[in-house]
Every structure is written in C-alpha cells, then in structure tokens.
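Please look over the chain below before reading on. The report that follows takes up a few of its residues and elements in turn.

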Amino acid sequence: MGKHKLENTLNQIKATGKPLFIPYMMAGDGGIDQINERINFLAECGASAIELGIPFSDPVADGPVIQDAGLRALQNGTTLKLVLDEVRKQKESRSIPIILMTYINPIWNYGYEQFAKDCDAAGVDGIIIPDIPMEEEEDIAAQLSANGIAFIRLAAMTSPDERLKKIAGMSEGFLYAVSVSGTTGERAQHEENTLNYLEKLTKLSSVPVLAGFGISNPDQAKYLAAYCDGVIVGSKIVHLFAEEKQTEIRELIGETIK
Ligand SMILES: O=P(O)(O)OC[C@@H](O)[C@@H](O)c1c[nH]c2ccccc12
C-alpha cells in the first residue's frame with residue numbers, strides 16, 4: 001500500500017487493466033453551483049479522479065482555452081475559499097478523489113497552514129502547483145504532508161535524467177508527466193520522443209505516471225497511455241463543458257477507458 005489514498009485508488013483502477021483518466025475542470029466556470037454537479041457528472045462518466053483548477057489572474061502555464069475559463073470563473077466571483085467550501089459540502093457523499101490545481105500565489109495569500117487544513121477538511125486528496133520549483137517547495141510540502149495530502153509533482157520533457165529521477169522519487173499520489181513543451185492546449189500530435197520519455201518515467205516512478213498536455217481525443221489518449229498509466233485531459237473538457245456538450249465528454253472518457 002502506498003502512503004496516500006490517492007495512490008492506492010489509482011493503483012486499484014490500474015489493476016483492472018484500464019488506463020487512468022483524469023479530466024481537468026475549471027472551478028467556477030459555468031457558476032459556483034456547477035462545481036459539485038460537474039464533479040459528479042465526470043465521476044459517473046468513468047473518471048479516475050478529478051483535477052479541479054482554481055482560477056488565477058496570472059496563469060503562466062495555461063493555454064488560451066483554460067485562460068478564458070479562468071477569466072469567466074473569476075468574473076463569477078470564484079475564490080479558493082469558495083471552492084473549498086463547495087468541495088467540503090460534498091465530502092461525505094463523494095466517491096472520487098479530488099486534486100486541486102492552483103498556482104502558489106493564491107495559496108500564499110490564504111496561508112500555507114490554513115490551506116492545508118482546509119483542504120483536508122474538504123476531503124481534497126492531492127495538490128498540483130505548477131509554478132513552484134523543487135528548490136522552493138519545502139514550506140508548502142511540510143504543511144501538505146502534515147495533513148496527509150498528496151503533493152503531485154510535474155515532470156518536464158526538457159529536464160535532464162538526473163532531475164527526472166529526483167522528481168519521480170518525490171512525487172506523491174501520481175506523477176504528472178507534462179508531455180509537450182509549452183502551455184496547455186490541444187495539439188494535433190505529440191513528438192516521437194514523448195513515448196521514450198513516458199517509458200523512462202514509468203520505470204523511474206513508484207507511483208502511477210499520467211501524461212498530460214495536448215490530449216484531446218481517445219486515439220491520442222490510448223496511444224500515450226500505452227507507454228504509462230493514463231492521461232489527463234484539460235482544454236478539451238473545459239471547452240466541451242463551456243459548450244454544454246456533456247454527451248461528447250461522456251464519449252471521450254468512455255472510449256478511452258473501454
Ligand atoms: O489542457 P491540456 O492540454 O489538456 O492539458 C491538461 C491541463 O489543462 C491541466 O492539467 C492543467 C491546467 N492548467 C495547468 C497548469 C499546469 C499544469 C497542468 C495544468
């Protein structure tokens with residue numbers, strides 16, 4: 001058994017032989033009252049866990065689709081506090097792990113210790129912070145660890161092997177293998193060396209490895225998932241929710257994990 005519930009849940013799904021599928025959704029896009037509704041919908045579609053984005057004014061890793069969704073969410077008055085309140089309401093009835101994706105600035109404003117406690121109280125299983133370098137993560141890592149929350153690390157294709165090894169060894173819950181160079185968003189195809197990179201990370205990592213960035217259809221998802229444990233899909237899901245194309249979301253997830 002792994003140290004975190006998130007890792008154990010993902011490993012149980014992995015043991016069924018199906019690829020893991022983690023959809024990303026922007027909290028507050030479509031309204032704050034849609035947060036729990038969309039989480040339930042994605043769970044019912046067969047998602048393995050949910051990556052829930054906290055909108056932020058300066059989202060350096062986000063491509064245009066997610067940036068726009070973040071703007072809409074901010075205009076709806078979405079804040080980290082409101083999202084945690086919503087997620088907490090559903091804690092007892094929720095059957096799927098929740099991972100928060102937030103830049104470090106909103107966590108800093110909230111206070112590291114309070115943030116970690118409130119995440120735990122809301123039943124948040126893991127955290128992704130894309131803009132904190134490994135060298136500066138000690139304080140937030142300590143608070144997350146004290147509250148049993150998995151700190152998911154991001155691996156980059158441009159990192160040398162030594163660094164990848166270190167990141168893979170540190171990641172909790174799963175390892176996020178960023179599979180393009182650049183920001184989030186749909187891509188027609190992935191570079192050929194992505195496959196070697198995923199294979200390498202899968203060998204290095206003791207937690208599940210999921211590929212994310214640039215994936216928007218079941219063929220791409222299955223192609224990459226054959227070299228790791230599963231995929232994360234963001235922009236495509238965000239885009240389909242914004243157009244209220246829930247049926248297409250169901251097909252995308254269903255086709256990938258079938
Ligand atoms: O949108 P894409 O290309 O499908 O990529 C997933 C991504 O959106 C999601 O995981 C995410 C959204 N914002 C991020 C910032 C950093 C890392 C990851 C993310």
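## An exposed residue with a positive phi

In this predicted model, Glu-244 is exposed, since the count of other C-beta atoms within 10 Å is 10, and a residue is called exposed because 12 or fewer such atoms surround it. Glu-244 lies in the loop that runs between helix 11 (235–242) and helix 12 (246–257). Although Glu-244 is not a glycine, its phi is positive, at about 55 degrees. Most residues other than glycine have a negative phi.

## A buried residue with a positive phi

Phe-213 also has a positive phi without being a glycine, here of about 95 degrees. The residue sits in the loop between strand 7 (209–212) and helix 10 (218–225). Is Phe-213 buried or exposed? Phe-213 is buried, because 27 other C-beta atoms lie within 10 Å, where 20 or more are needed for a residue to be called buried.

## The barrel

Eight strands close into a barrel, following the order 1-2-3-4-5-6-7-8, and their pairing is parallel. From one strand to the next, the twist averages 25 degrees. Strands of a sheet pair through backbone hydrogen bonds, either parallel or antiparallel.

Several of these pairings can be followed residue by residue. Strand 1 (residues 20–26) runs parallel to strand 8 (residues 230–233) and is joined to it by four bridges, with Phe-21 standing opposite Val-231 of strand 8. Strand 1 also pairs in the parallel sense with strand 2 (residues 50–53), over three bridges; Met-25 has Leu-52 of strand 2 as its bridge partner, and Tyr-24 stands opposite Glu-51 of strand 2. Elsewhere in the barrel, strand 5 (residues 150–155) and strand 6 (residues 175–178) run parallel and are joined by three bridges, and Leu-154 has Tyr-176 of strand 6 as its bridge partner.

## Strands 1 and 2

In a regular strand the side chains alternate between the two faces of the sheet. Strand 1 is mostly covered, with seven of its seven residues buried. On one side of strand 1 the buried residues are Leu-20, Ile-22, Tyr-24 and Met-26, and on the other they are Phe-21, Pro-23 and Met-25. Strand 2 is likewise covered on both faces, by the burial of Ile-50 and Leu-52 on one side and of Glu-51 and Gly-53 on the other.

Met-25, which belongs to strand 1, is buried because 25 other C-beta atoms lie within 10 Å. Not counting residues up to four places away in sequence, Met-25 touches Arg-38, Leu-42, Ile-50, Leu-52, Gly-53, Ile-237, Val-238 and Phe-241. One of these residues, Gly-53, is 28 residues from Met-25 in sequence, while the C-alpha atoms of the two are 6.0 Å apart in space.

Glu-51 has its place in strand 2. How many other C-beta atoms lie within 10 Å of Glu-51? There are 26, and Glu-51 is therefore buried. With residues up to four places away in sequence left out, Glu-51 touches Ile-22, Pro-23, Tyr-24, Ile-99, Met-101, Ile-128 and Ile-232. Gln-143, by contrast, is 92 residues from Glu-51 along the chain, and the C-alpha atoms of the two are separated by 20 Å.

## The nonpolar core

In soluble globular proteins, nonpolar side chains tend to be buried together. The largest nonpolar core here has 80 residues, and of these Tyr-176, Ala-177 and Leu-210 touch the most other members. Strand 1 contributes the largest share of this core, namely six residues.

Which residues is Tyr-176 in contact with, leaving aside its neighbours within four places in sequence? They are Ile-128, Ile-152, Arg-153, Leu-154, Ala-155, Leu-210, Gly-212 and Ile-232. Among them is Leu-154, the residue whose bridge partner in strand 6 is Tyr-176.

## A pair of helices

The axes of helix 4 (residues 80–89) and helix 6 (residues 112–122) come within 8 Å and cross at roughly 30 degrees. The two helices are therefore roughly parallel to each other, because angles under 35 degrees count as such. Their contact is made by Leu-84, Val-87 and Arg-88 on the side of helix 4, and by Asp-118, Cys-119, Ala-121 and Ala-122 on the side of helix 6. By class, this contact of helix 4 with helix 6 has five nonpolar residues, two charged residues and no polar ones.

Terms used: Residues are numbered from 1 along each chain as its sequence is written. This is a predicted model: local features need pLDDT of at least 70, side-chain atom pairs count only at pLDDT 80 or more; totals for chains, interfaces and linings use all residues. Two strands pair if DSSP finds at least two bridges between them. Axes are lines fitted to C-alpha atoms, for helices over the stretch in contact, and angles run from 0 to 180 degrees between N-to-C directions. A nonpolar core is a set of buried Ala, Val, Leu, Ile, Met, Phe, Trp, Tyr and Cys residues joined through C-beta atoms within 7 Å. Two residues are in contact if their C-beta atoms, placed from the backbone, lie within 7 Å. Angles under 35 degrees count as roughly parallel, over 145 as roughly antiparallel, 65 to 115 as roughly perpendicular and the rest as oblique. Ala, Val, Leu, Ile, Met, Phe, Trp, Tyr, Cys and Pro count as nonpolar, Asp, Glu, Lys and Arg as charged, and the others, Gly among them, as polar.
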